[in-house]
Structure formats: C-alpha cells, structure tokens
Amino acid sequence: MLHAPKGSATMKSSERGIGLPSHKFTFSQIFGPETTQAELFQDTIKSQVSEFLDGKNALIFSYGVTNAGKTYTILGTPKEPGLLPQVLDATFQYIAGRQYEAMDLKPYLRNDAQCLGPDQIKQERSAKTAIFASFKEVSGFYITNNWSLPSTFSVISILLLTCHLSLSLSLSLPLPPSLPPSLCRLPHPVVSSPLGSSQFALWVSYFEIYNESVYDLLQPPLCSKSKKRAGLRVCEDAAGDTYVRDLKWIHIKNMEEACKLLRFGNRNRSAAATKMNQSSSRSHSIFTMKLLKIDGSTVQRVSEFSLCDLAGSERCNKTNTFGERLKEAGNINNSLLILGKCITALRNNQTDRMKNSYIPFRESKLTKLFQAVFCGKGRASLIVNINQCASTYDETLHVMKFSAAAKQVVQVIPAKSLESLAPRLVGRDGKPLEALKSYLSEEELLDEEDEADMSILPQNELLNVIESLRAKLLAERRKNLVQEMEIRKEMGDAMLQQLMESEELRSRQMEELKESYQERLENTFDMYKDAIKEHAYQCAMNRVEDDYVPVEEFIAEQENAEVQYNRMSHISDS
Ligand SMILES: Nc1ncnc2c1ncn2[C@@H]1O[C@H](COP(=O)(O)OP(=O)(O)OP(=O)(O)O)[C@@H](O)[C@H]1O
C-alpha cells in the first residue's frame with residue numbers, strides 16, 4: 001500500500017481531485033528491510049537456479065529508483081553476499097567434482113557451443129591470465145566496488161527501509177523428458193549433484209549497456225582516457241536469437257575466479273555520483289553464466305542464467321542531472337520505458353485474444369537481448385526495489401505501476417499449462433501466436449469484478465472498475481476496427497487478385513493475336529516475294545525474246561560489216 005506523502009506530485013494531484021492519494025499493489029512476494037540476502041535467495045530465485053542447473057534459461061532483473069538497493073540486491077557486500085554470488089556458489093556446489101577442465105568447448109552465439117583448436121585454447125588462457133594478473137591475491141569471499149560512503153550518507157542508508165518486491169514473468173519450459181527424476185528434486189542446497197558421467201563447464205560474461213551501447217566489462221581498460229571504448233554489436237543467429245558479438249566469455253572454475261572477474265568488471269562499470277546516490281550505476285549491467293553439460297567431448301546442452309542490475313529509474317530534476325548525466329538519464333529512462341512497453345504489450349496480447357499488439361523488443365538493446373526469454377525460452381523474474389524515502393515517492397509509484405503491469409503478464413498464464421505452449425508462445429517478430437490466443441478461455445478472460453456486486457465496492461475500487469471497463473470498451477472498439485480493417489484488406493486483396501488475373505488474360509490474348517498477325521504477315525510477305533520473282537523472270541524472258549537475232553543473220557551481218565571495213569581501209573591507203 002502506498003500513501004502519497006505531503007508535497008508529492010501525487011498528493012497535490014489528488015488534492016485537486018485528480019487521482020488517488022493511496023495505491024494498492026499485489027506482488028508475488030514482499031520482503032521487508034529485515035530480510036537477509038540468504039532468505040531473499042531462498043524465497044525468490046532458488047527455483048530458477050535449479051532450473052538453470054537442469055538446463056533451462058533464467059533472467060533476473062533488479063528494478064527500482066536510484067538508491068533503492070538494486071546493486072545491493074544483486075551484488076551484496078562481503079558479509080551479505082547478494083543474489084549473484086549465491087547463484088555462482090550454488091552452481092559450483094552442483095558441479096563440484098564434475099568439472100570439465102579442458103577449455104576446448106566454449107559457448108558460441110546464443111545457444112550453441114564450439115570446439116576450440118589448440119591456438120584458440122591458448123588465446124582463451126592468456127585472456128583469462130591477463131584479467132587475473134591485474135589482481136593481487138584476493139582475500140575474502142566477495143568484494144564489491146566502493147561501498148564506503150560519506151558519514152552523512154550512511155546515516156540515511158540506515159534509515160532506508162529498502163524492500164524487495166519479487167514477481168516473476170514466468171514462461172517456464174517443460175523439463176526435458178530425458179532428464180532423470182533425481183535432477184528434479186531439490187535437496188541441499190539447490191539441486192543434488194547429478195548422477196551419470198556428465199561433466200560441466202561454466203563460462204561467464206559481464207557487460208553493460210551504457211547510453212544504448214554495449215561494452216564488455218571483461219575487456220582490459222584502455223590505457224589512455226581520451227580513447228573511446230569499443231562498443232559491441234548485438235546480432236542475431238540463424239534461429240533469430242540475439243547475442244553480443246565479440247563478447248568475452250571466460251571459463252571459471254571456482255568462486256575465487258568468479259570473484260576476481262566480478263571485481264574486474266565492476267571496476268570498468270560506468271558509475272557516476274548523482275545527487276541521490278554517491279555510487280549510482282548509470283548503466284544496465286548484465287552478468288551471464290552459461291553452463292555447458294558435456295558427455296565425453298560432446299556438448300549436450302547449454303543453459304543460461306543472466307542477472308541484470310538495471311540503472312536507476314529517475315526524473316532529471318531530482319537527481320541534478322546535467323550534460324552527460326542528462327543524456328545518460330534519457331537513455332536509461334528510454335530503455336526502461338521500452339521494457340515497460342514490451343511488458344505492457346505482452347500483457348495486453350495475453351488478456352485480449354483478438355489483440356496482436358506490436359511488441360517493441362527491437363527498440364532498445366536491453367529488450368532486444370532478452371526477447372527470447374520474454375518469448376518463452378526461459379523464465380524471467382523482476383525484483384522491484386523500493387525505499388520509503390518521501391522525496392522519491394512519485395518515482396516509486398511509477399515503478400510500482402510498471403511492476404504491476406509486469407505482474408499481470410504472469411497472472412494470465414498458469415505456468416503448468418504454459419509448459420506445453422511456451423516454445424510457441426510468441427513468434428520471432430515478438431507477436432503472440434495462435435496457440436496462446438486459443439488457449440485462453442472466455443471465463444479466464446473475465447475478471448472477477450465482472451461478477452461482483454459493485455455497490456459494495458469503495459470509491460477507489462469503483463474507479464478501478466470503471467477504468468477497467470473503459471479499457472475493455474476501448475479494446476473492443478479496437479478489435480472491431482482491426483476486424484473491419486482485415487475485411488477491407490481481404491476485399492482489396494480479392495479485387496487485386498481479380499485485376500491481376502484479368503490483366504494476365506488480356507496480355508495472353510494480346511500475345512496470341514500478335515503471333516497470328518505475325519504469321520499472316522509473314523505468309524503475305526512470302527506470297528509477294530514469289531510474285532515479284534515470277535514477274536522479274538517474265539520481264540527478263542520478254543526482253544530476251546525481243547532482242548533475239550537468229551545466228552545465220554548475225555553471221556551474215558558480221559561478214560558484211562567486215563567487207564565494208566576492208567573496203568574503207570583500202571580506199572584510205574590509196
Ligand atoms: N537491504 C539493504 N540493507 C542494507 N543496505 C542497503 C540495502 N539496500 C541498499 N542498501 C544501501 O543503500 C545504498 C544504495 O544502494 P544501491 O547502490 O544498491 O542502490 P541502487 O538502486 O543500485 O542505485 P543506482 O540505481 O543509483 O545504482 C548502498 O549504500 C547500499 O549498501
């Protein structure tokens with residue numbers, strides 16, 4: 001239950017009769033400030049860790065306003081290790097004694113693995129050595145970045161009643177039928193050690209999305225500050241799954257190595273002080289583990305577990321944001337906005353069978369990268385961090401509204417029934433497929449309030465009912481509009497088809513006509529040619545007949561001419 005404090009924008013609005021001063025939200029689970037990190041792990045993501053060890057994908061987000069405890073939830077402190085070190089610890093316990101030591105099998109693209117040659121293995125080893133060489137011996141379990149805060153600030157942080165609200169966007173996949181039943185049980189601590197001869201290799205990556213660019217946090221820092229870090233590209237593999245190209249994947253064997261990598265990555269992470277948090281994270285950081293299950297020298301499966309520490313959602317005026325910080329805030333808010341839009345569109349598509357809203361996964365790097373998980377290839381959980389600080393009330397309310405929308409994505413789909421549908425839930429374009437639409441029955445789509453006696457509802461509940469009815473009416477209108485458009489499109493298509501067919505017929509007839517004219521023309525031409533030839537021959541024959549002189553007459557004439565000539569020459573001589 002959120003009650004707007006005096007002076008907050010929400011309270012001011014409600015005093016003017018717009019909106020309510022109190023809001024009620026429902027979450028999967030709520031944890032108070034007394035909750036330990038171990039309890040949080042047990043009650044939230046433990047089941048996802050066991051699924052990960054069983055070969056499925058998992059994604060955890062920590063979300064909330066700046067300074068609400070997101071980084072604390074994910075990383076924790078040396079005394080209170082957060083979710084990430086606990087997941088790593090559980091994984092190493094699970095694969096203990098069954099680690100695949102050779103580094104010749106490495107994750108490739110999003111879900112594949114590749115076999116490395118001797119030179120590539122050498123490169124992998126030297127990349128790992130280069131990272132570890134930058135550390136002196138690490139003592140202790142886990143060391144985060146700068147946890148020491150100014151004394152005034154530490155007082156404030158003690159007063160913070162940081163809560164973790166957990167909800168999950170569960171789109172779980174069925175267990176592979178080949179899995180032995182022993183893997184489904186969860187004794188101490190998360191999943192029992194596997195039976196059989198399988199071995200496991202754990203590879204990790206750590207990157208951040210800062211100002212909509214992806215940077216590898218396991219890349220050695222640049223020597224010169226003037227040089228710009230190289231951003232990495234988000235690409236798609238043949239199956240349409242996204243992956244970060246040229247991202248460093250490091251093979252780790254124990255918690256000490258994991259701890260060093262985390263320290264290395266955290267040093268590279270873009271954190272800058274805002275007015276509200278001295279070590280505020282200005283980027284979304286994503287730590288991903290890939291577990292390769294290997295039989296002999298063949299990779300049987302690759303499962304992925306990502307923990308995403310989102311940058312704080314914030315309004316610019318509160319956090320004194322200028323220049324570079326302002327640009328960061330814009331990018332942070334934009335990617336969170338897109339995340340919100342995707343979740344809202346997913347929810348809308350699930351609640352309205354006729355709706356097929358566009359889901360803007362591609363509009364931000366964050367959602368593009370995790371599209372597959374949202375679309376059924378794994379299970380996503382959102383851990384919402386809030387604090388009771390009155391000055392961030394309006395932002396916190398915003399966070400809660402967003403999370404409430406995310407929560408509804410889960411409520412519509414019973415996870416068990418989803419299992420058989422999950423792989424077909426959403427197409428590559430992010431649109432939900434027919435399977436899900438037809439799965440939801442009319443009754444499931446009717447809210448309880450449709451059947452309730454509304455007169456007994458308090459005013460704010462009535463407003464909610466009105467709001468929901470308004471939304472339904474709008475959805476209905478939109479549905480009708482879509483149907484009308486579809487009919488128009490169908491008619492247009494049919495007319496176009498008809499036009500194209502008649503056009504084809506016409507051009508075929510033209511062609512035939514042309515051919516027949518051509519033939520007739522050629523025949524006439526031949527006829528004329530023959531006639532001309534005949535005429536020319538006749539003329540020639542006539543000429544021959546006219547000019548004909550019999551031979552005897554010709555000879556006599558010749559002789560006569562000769563005599564004449566001789567006589568003439570004699571006269572001239574004398
Ligand atoms: N549950 C908790 N118990 C004790 N201290 C906490 C708790 N949650 C947060 N803190 C402290 O509050 C301060 C702010 O927390 P943190 O840096 O995790 O916030 P954040 O939400 O990640 O902020 P940003 O988004 O700005 O990075 C830190 O000093 C952290 O140690």
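This briefing covers confidence, overall make-up, strand pairing, the nonpolar core and the annotated binding site of one protein chain. The structure is a predicted model, with ipTM 0.97 and pTM 0.64. The protein chain contains 17 helices and 15 strands, and 35% of its 574 residues are buried. A UniProt "binding site" annotation, from an unreviewed entry, covers residues that include Lys70 and Thr71.

**Confidence**

- Mean pLDDT for the protein chain is 76, and 73% of the residues reach 70 or more.
- Residues 316-321 stay under 50 in pLDDT; the model has 15 contacts beyond four places in sequence for this stretch.
- Residues 410-456 also have pLDDT under 50 throughout, with 60 contacts beyond four places in sequence.

**Contacts and nonpolar core**

- Of the contacts in the protein chain between residues at least 6 apart in sequence, 72% join residues at least 24 apart.
- The largest nonpolar core has 89 residues, and the members touching the most other members are Ile60, Leu83, Val204, Leu261 and Cys342.
- Strand β8, residues 199-210, gives the most to this core, with 8 residues.
- In soluble globular proteins, nonpolar side chains tend to be buried together.
- Leu83, one of the core residues named above, is in contact with Leu40, Phe41, Ile45, Ile60, Thr73, Ile74 and Leu307, leaving aside neighbours within four places in sequence.
- Ile60 thus appears both among the core members with the most such contacts and in the contact list of Leu83.

**Strand β8 and its partners**

- Of the 12 residues of β8, 11 are buried, and the strand is mostly covered.
- β8 pairs with strand β13 (residues 284-295) in the antiparallel sense over 11 bridges; in this pairing Tyr206 stands opposite Phe287 of β13.
- β8 is also joined to strand β12 (residues 250-252) by 3 bridges, again antiparallel, and the bridge partner of Trp203 in β12 is His251.
- A further antiparallel pairing links β8 to strand β9 (residues 213-216) over 4 bridges, where Glu208 stands opposite Tyr215 in β9.

**Hairpin β8-β9**

- β8 and β9 form a hairpin with 2 residues between them, and Asn211 in the turn has a positive phi of about 50 degrees.
- Glu212 lies in the loop between β8 and β9 and has a positive phi of about 65 degrees although it is not a glycine.
- Glu212 counts as partly exposed because it has 14 C-beta neighbours inside 10 Å, and the partly exposed class lies between 12 and 20.

**Hairpin β5-β6**

- Strand β5 (residues 105-108) and strand β6 (residues 112-115) run antiparallel and are joined by 4 bridges.
- Within this pair, Lys106 stands opposite Gln114 in β6.
- The two strands form a hairpin with 3 residues between them, and Leu109 is found in the loop that separates β5 from β6.
- Leu109 has a positive phi of about 50 degrees although it is not a glycine.
- Leu109 is partly exposed, with 17 other C-beta atoms within 10 Å.

**Annotated binding site**

- According to the unreviewed UniProt entry, the "binding site" covers Gly64, Val65, Thr66, Asn67, Ala68, Gly69, Lys70 and Thr71.
- Lys70 is in helix α4, residues 70-74, and Thr71 lies in helix α4 too.
- Lys70 is buried because 28 other C-beta atoms lie within 10 Å, and 20 or more are needed for that class.
- Thr71 likewise counts as buried, with 27 C-beta neighbours inside 10 Å.
- Not counting residues up to four places away in sequence, Lys70 touches Ser62, Tyr63, Gly64, Asp309, Leu310, Gly312 and Asn385.
- Gly64 is therefore both a contact of Lys70 and a residue of the annotated site.

**Serine 47**

- Ser47 lies in helix α3, residues 46-53.
- Ser47 is partly exposed, with 18 other C-beta atoms within 10 Å.
- Ser47 and Ala58 are 11 residues apart in sequence, and their C-alpha atoms are 10.0 Å apart in space.

Key:
Residues numbered from 1 in each chain as written. Predicted model: local features only at pLDDT ≥ 70, side-chain atom pairs only at ≥ 80, totals over all residues. UniProt positions renumbered as here; feature names shortened; annotations may be inferred. Contact = placed C-beta atoms within 7 Å. pLDDT = per-residue confidence, 0-100. Core = buried A, V, L, I, M, F, W, Y, C linked by C-beta atoms within 7 Å. Pairing = 2+ DSSP bridges.
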